[in-house]
Amino acid sequence: MELNLAGDLKQLEHLAVSIRRFCEEHALGEDVDFRLNLVLEELFTNSVRHGGCKGMALAASVQLRREDRDVLVEYADRGQPFDPEDAPPPDLADRKSVV
């Protein structure tokens with residue numbers, strides 16, 4: 001299955017329906033459907049909200065492939081790269097201690 005997504009969170013429904021159809025076509029259970037949807041929803045949401053993909057016509061692409069007992073997932077987006085090593089440390093000064 002190949003799927004292209006525009007940079008709009010309304011695409012999450014299309015993504016979920018496509019994952020469900022893929023799982024049904026390959027006789028994968030609800031657990032696999034849930035896990036695939038959770039992972040891909042999180043990736044796509046981060047691409048749109050934090051990666052600069054909001055409003056892009058072809059913001060992200062998803063490929064799902066069944067190979068023997070495995071499901072291979074390829075996700076790519078056109079957002080800005082993020083390297084956590086380059087991120088500034090969090091500002092913890094305003095946080096209240098939890099006891």
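# Exercises on a predicted fold

With a relative accessibility of 45%, Asp-31 counts as partly exposed. The exercises below start from this residue and concern a predicted model.

**Exercise 1.** Determine which residue forms a salt bridge with Asp-31, and where in the fold the pair lies.

*Solution.*
Step 1. The partner of Asp-31 is Arg-35, and their closest N and O atoms are 3.1 Å apart. A salt bridge requires a separation within 4 Å, so the pair qualifies.
Step 2. Both residues belong to helix α2, which covers residues 30–49. They are four residues apart, about one turn of the helix.
Step 3. Arg-35 has a relative accessible area of 54% and is exposed, whereas Asp-31 is partly exposed.

**Exercise 2.** State how many salt bridges a search of the whole structure finds, and describe the one formed by Glu-67.

*Solution.*
Step 1. The search yields two salt bridges.
Step 2. Glu-67 forms a salt bridge with Arg-65, with 3.8 Å between the closest N and O atoms.
Step 3. Glu-67 has a relative accessibility of 41% and is partly exposed. Arg-65 is also partly exposed, at 43%.

**Exercise 3.** Asp-33 lies in helix α2. Decide whether this residue is buried or exposed, and identify the nearest side chain of opposite charge.

*Solution.*
Step 1. Asp-33 is buried.
Step 2. The nearest side chain of opposite charge is that of Arg-20, 4.1 Å away. The cut-off for a salt bridge is 4 Å, so Asp-33 has none.
Step 3. Apart from neighbours within four places in sequence, Asp-33 is in contact with Ile-19, Arg-20 and Cys-23.

**Exercise 4.** Describe the sheet: the order of its strands, the sense of their pairing, and which strands stand at the edges.

*Solution.*
Step 1. Three strands make up an open sheet, ordered β1-β2-β3, with antiparallel pairing.
Step 2. The edges are β1 and β3 (70–77). Each has a single partner strand, so one side of each lacks a neighbour in the sheet.
Step 3. On average, neighbouring strands are turned by 15° against each other, direction ignored.
Step 4. Two helices pack on this sheet, and each touches β1, β2 and β3. The direction of α1 makes about 175° with that of β1, and the direction of α2 makes about 10° with that of β3.

**Exercise 5.** Establish how β1 is paired with β2, and which of the β1 side chains are buried.

*Solution.*
Step 1. The two strands pair in the antiparallel sense over four bridges.
Step 2. The bridge partners in β2 include Gln-63 for Glu-2 and Val-62 for Leu-3.
Step 3. The side chains alternate along β1. Leu-3 and Leu-5 point to one face and are buried; Glu-2 and Asn-4 point to the other face and are not buried.

**Exercise 6.** Identify the residues with the most contacts inside the largest nonpolar core, and the elements that contribute to this core.

*Solution.*
Step 1. In soluble globular proteins, nonpolar side chains tend to be buried together.
Step 2. The largest nonpolar core here has 15 residues. Those with the most contacts inside it are Leu-15, Ile-19, Leu-40, Phe-44, Val-62 and Leu-64.
Step 3. The elements giving two or more residues to this core are β1 (2–5), α1 (11–25), α2 and β2 (60–67).
Step 4. Not counting residues up to four places away in sequence, the contacts of Phe-44 include Leu-5, Leu-9, Leu-12, Leu-15 and Tyr-75.

**Exercise 7.** Asn-37 and Glu-41 are both found in helix α2. Classify each as buried, partly exposed or exposed, and list what each touches outside its local sequence.

*Solution.*
Step 1. Asn-37 has a relative accessibility of 17%; the limit for a buried residue is under 20%, so Asn-37 is buried.
Step 2. Leaving out residues up to four places away, Asn-37 touches Ala-16 and Ile-19.
Step 3. Glu-41, at 34%, is partly exposed. With the same residues left out, Glu-41 touches Leu-12 and Leu-15.
Step 4. The C-alpha atoms of Glu-41 and Ala-16 are 8.0 Å apart, although 25 residues separate the two in sequence.

**Exercise 8.** Give the phi values of Ala-27 and Asp-68 and the loops that hold these residues.

*Solution.*
Step 1. Ala-27 has a positive phi near 55°, though it is not a glycine. Its loop runs between α1 and α2.
Step 2. Asp-68, also not a glycine, has a positive phi of about 55°. Its loop runs between β2 and β3.
Step 3. Ala-27 is exposed at 71% relative accessibility, and Asp-68 is exposed at 71%.

Notes. Residues numbered from 1 in each chain as written. Predicted model: local features only at pLDDT ≥ 70, side-chain atom pairs only at ≥ 80, totals over all residues. Heavy atoms only, no water. Buried < 20%, exposed > 50% of the residue type's maximum accessible area, 1.4 Å probe, protein only. Core = buried A, V, L, I, M, F, W, Y, C linked by side-chain atoms within 4.5 Å. Contact = heavy atoms within 4.5 Å. Lys, Arg positive; Asp, Glu negative; His and termini not counted. Pairing = 2+ DSSP bridges. Axes fitted to C-alpha atoms, helices over the stretch in contact; angles between N-to-C directions.
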